[in-house]
Each structure stands twice: as structure tokens, then as C-alpha cells.
Amino acid sequence: METLERQKDYKEALEKAAKQMILIHNVDILVKMILRTVVRTLRLEHVSILVYDKAHDAYVVHSSRGKAGLKIPKGFARITNDNPVIQYFTDHNLQVFGKDYLLFSQLKDSQDVLQQELKNQFLLYNAKACIPGFFRERLVCALFLGEKLEKIDFTSDELGFMSALSSDVVMAIQNANLFQDLNEQLLKNKNLFLQTVFALSSAIEAKDQYMQGHTERVTRYALVIAHNLMRSNQVIVDNLKVIDKVTDADIKKFLENLRISAMLHDIGKIGIPEAILNKKLELNDLEREEIKKHTYIGAKILSEVNEFYEPVLGVKHHHERYDGTGYPEGLAGEKIPFIARIISVADAYDAMTTDRPYRVALTKEKALLIIEAGKSKQFDASIVDAFLLAYKKGEI
Ligand SMILES: [Fe+2]
């Protein structure tokens, strides 16, 4: 009766584990969970697992922390296809004890070289049983089970459960690998998309003589402002405090988003007639409304890429004004996305200090005065301060 109860417990624990495993898309986290489940359910001293790594065509060794753990030297974390255990489970001719599992007790001190080598592997992993996991004909993983805490042999039921679990482990590993491949593919696609959009953005500059170099300068100014914000008054850290703690990685990610957003802030001009963009006379109301659409058009183009959530905010809102009189949505104060408030200052300064179809460039000094006067009206005051600081230091 007790055995039956225990079998039921195994079955339930393993079924529960299988359900959770399939939801984990990171191989390392998945492996940790598998090790923990096996050690607890079977009450083992420790367990190790070899997991096939496609990129290196080798098996990576992961081990639970047990009091009688691995005897493998540190750094010996990857094993190749010529390892005797891998050979045993991949070559049908060698499987004298079957292919479902291999027990230490089955291996004799014989003259058989393979058996001797297999025995050495079991000693190395301090294991009593090895359970393979296959996907089609490929060995995806092998679990090395350490001794049970009760120091008794594995029952055939336990070995049967472990075999069942190993096929679930295989599916979960395949699943996690697929997700990782998909993410890498997405990243590649994102880079490809970025290159295309940057090419488009320079195409716009090429057709508009007044835009030449504008994107590059705005990007440089925006990044310089961001760096000065960090040094001067932690504004970046404060603005990013939507999460518990802002890490260096968060700041790096923000600067990367700022770079992308600034480079693409006027990408929407691709949808505005050239005659309006290059008009030498003052624009009429209709034309002005038409030009304002570049914020929406740009946001629409970039919103196709999920990872561009933050850059899109900069593209869409870089013409908002701090006092709420800007466009396209008339947002005010901190309701304007932080990334857009930075680009706004950089964009305005470059627009003022370069020739435009309808006027010549202002001097730097005049432009600085206008920017300063725009504090809390057109611009966020702390961003203007960072901009003026950067200018004083000769960075702009
Ligand atoms: Fe713009």
C-alpha cells in the first residue's frame, strides 16, 4: 500500500513538473527546475544532467548542489559526442542493457572496455543510474541520478517514471530552444528593419538640402543631454523609476532607445509632400497641419516593431510643448514621454542653428537664449539645464 501511495505521489509530482516545464523558455532556468524536481521527488543526494547544445555540437553538464555531488574538475563543463555515455545511448549496437536507462549495478568489472569506461563516467558523476532523453533519434539529454537518501536501489517503477519524465524534459528543452532561436531571429529582423529605416531616413535628408546632417546632430545632442542629465541631477534615474531599482542595464537600454528614437524622429516626413517640406514661403494653415502629421506617420511606421515601444514615444511626441500647447496630442509637463522631452530640446536647437527654407540660421548664442527662455514653457527645465551645462563644457 505504501508503495502504491508513493507511486501516486511520484506520478503527481512529475505530471505537475511537466506542466510547469513547458512554460519555461530559458534553458538554464528550465534545467535548474528539472534538477530540483528530480532531487526532491526521488529524494536523491544529488543529480546531474547533460543537455545537448546545438551551437557547439556538444553536451553541457549541469549539476544540483548535493553533499555528495560531482567529482568533475571545475571548467569541465562540456562533453563531446565521443563520450562513452553518449556513444552508448546513440549507438544501438552498444546497448546491451537496453536504451531506457543504464544502472551502475549493471556494469561489471569485466574486460569490456566500454563497460569500464561507462563505469568511470558513473564514478565521475557519483551516479547510480543514467536516464536518457531522445528527440527522434537525437540524444537531447541524460540524467545522472545520485544515490537515494535512504541508500536503497531504484525500483523499476521509479525508473519507469524517470523515463516518462525524461521525455517531458526533452519536449521542454526543445520548446525552450525554439523560443531562443525565435528571439535570435527577431533580433536579426529588428537589426535588418533598423538598417532599412536608417536608409530611408537618409534618403529623406538627401532630397531635402535643409535636412542634411540634421538627424545625426539631433542624435548627438540628445545623447550628450542624456549623459549630462545623469551627471548633474539624476534626472534619468528619477524618470526611469517606474521599476523598483534602476540598473546600469536599464540606463544603457534607455540610451539605446534614445539613439534610435532621435535618429528616426522625423522619419514620418517620408509621408509629407516634398513641395511642402521645401516650401520657401511661409506655410499656410493647411500645410502646417499636413506637416504635423509626420509625428503620427513616423510612429505608425515604427510601431510595427514590438521592441520599439519607447523609441516610438519619442517619434510621436517630439513636438509636444511642456506647457501643453504642442502637437500631436497637446500633452503637458511630465505627461510628455521623457525621451520626447530630450529630443525636443535637441531638435529645436539644431533647427534654430541651421538654415531653413524660410529663414537663415540663428547664431548659437541667440538659439541658447531662446532655449533658456523656453524653460517650463516649451521645454522641461531640467533638460534645458543639462543642455546648457553641456554647451558650457563645449560638448555641443
Ligand atoms: Fe519633427
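**Figure 1. Two domains make up the assignment of the protein chain in this predicted model.** Let us start with the overall layout. Domain 1 covers residues 2-179, and domain 2 covers residues 208-392. Taken over C-alpha atoms, the centres of domain 1 and domain 2 are separated by 56 Å. Helix H5 runs over residues 156-207, and Phe161 is one of its residues. With a relative accessibility of 16%, Phe161 counts as buried. From Phe161 to Asp248 there are 87 residues in sequence, and their C-alpha atoms are 45 Å apart in space.

**Figure 2. An iron ion is held by four side chains.** Which residues coordinate the iron ion? They are Asp266 through OD, and His294, His318 and His319, each through NE2. The coordinating atoms are found at 2.1 to 2.4 Å from the iron ion. Along the chain, the donors of the iron ion follow the spacing D-x27-H-x23-H-H. Asp266 is in the loop between helix H8 (248-263) and helix H9 (274-277), while His294 is in helix H11, so this pair ties together parts that are 28 residues apart in sequence.

**Figure 3. The arrangement around the iron ion is irregular.** Why is it described this way? The 4 donor atoms subtend angles of 81 to 171° around the iron ion. Four donors would count as tetrahedral if all angles lay between 85 and 135 degrees, and the range of 81 to 171° does not stay within those limits, so the tetrahedral label does not apply. For comparison, ideal angles at a metal are 109.5 degrees for four tetrahedral donors. Two of the coordinating residues can also be described by their accessibility. Asp266 counts as buried at 7% relative accessibility, and His294 is buried as well, with a relative accessible area of 1%.

**Figure 4. Helix H11 has its buried residues on the same side.** Which residues of helix H11 (residues 294-302) are buried? They are His294, Thr295, Gly298, Ala299 and Leu302. Around the axis these residues cover an arc of only 130°, which puts them on the same side of H11. A general rule helps in reading this view: an α-helix has 3.6 residues a turn, so residues three or four places apart point the same way. His294 is a good residue to look for here, as it is both among the buried residues of helix H11 and one of the residues that coordinate the iron ion.

**Figure 5. Aromatic rings pair up, and some join into a cluster.** The count of aromatic pairs comes to 8. In one of them, the ring centres of Tyr52 and Tyr59 are 5.2 Å apart and the planes are at 55°, so the pair is tilted. Tyr52 counts as buried at 15% relative accessibility. Tyr59 is buried too, with a relative accessible area of 0%. Elsewhere, ring pairs link Phe104, Phe122, Tyr125 and Phe144 into a cluster.

**Figure 6. Charged side chains sit over aromatic rings.** Tyr52 appears again in this view. The charged end of Arg138 sits over the ring of Tyr52, at 4.1 Å from its centre. Which residue lies over the face of Phe134? It is Lys99, at 4.4 Å from the ring centre.

**Figure 7. Loops hold some notable backbone angles.** Arg43 is found in the loop between helix H2 (27-42) and strand E1 (47-53). Its phi is near 55°, a positive value in a residue other than glycine. Arg43 is partly exposed, with a relative accessible area of 41%. Asn126 lies in the loop between helix H4 (113-124) and strand E5 (129-135). Asn126 is not a glycine, yet it has a positive phi of about 50°. At 26% relative accessibility, Asn126 counts as partly exposed.

**Figure 8. Tyr327 and Pro328 are joined by a cis peptide bond.** The omega angle of this bond is about 10°. Pro328 has its place in the loop between helix H12 (309-317) and helix H13 (338-352). Tyr327 is 38 residues from Glu289 along the chain, and 9.9 Å separate their C-alpha atoms. Glu289 is found in helix H10 (residues 285-292) and counts as partly exposed at 43% relative accessibility.

Methods:
Residues numbered from 1 in each chain as written. Predicted model: local features only at pLDDT ≥ 70, side-chain atom pairs only at ≥ 80, totals over all residues. Heavy atoms only, no water. Buried < 20%, exposed > 50% of the residue type's maximum accessible area, 1.4 Å probe, protein only. Helix = DSSP H or I, 4+ residues; strand = E, 2+ residues; numbered from the N terminus. Arc of directions from axis to C-beta. Donors = N, O, S within 2.8 Å, 3.2 Å for Na, K, Ca; no water. Tetrahedral: all angles 85-135°; square planar, octahedral: opposite > 155°, others 65-115°. Phe/Tyr/Trp six-rings, centres within 6.5 Å; stacked < 30°, edge-to-face > 60°. Lys NZ or Arg CZ within 6 Å of the ring centre and 35° of its normal. Domains from an automatic or database assignment.
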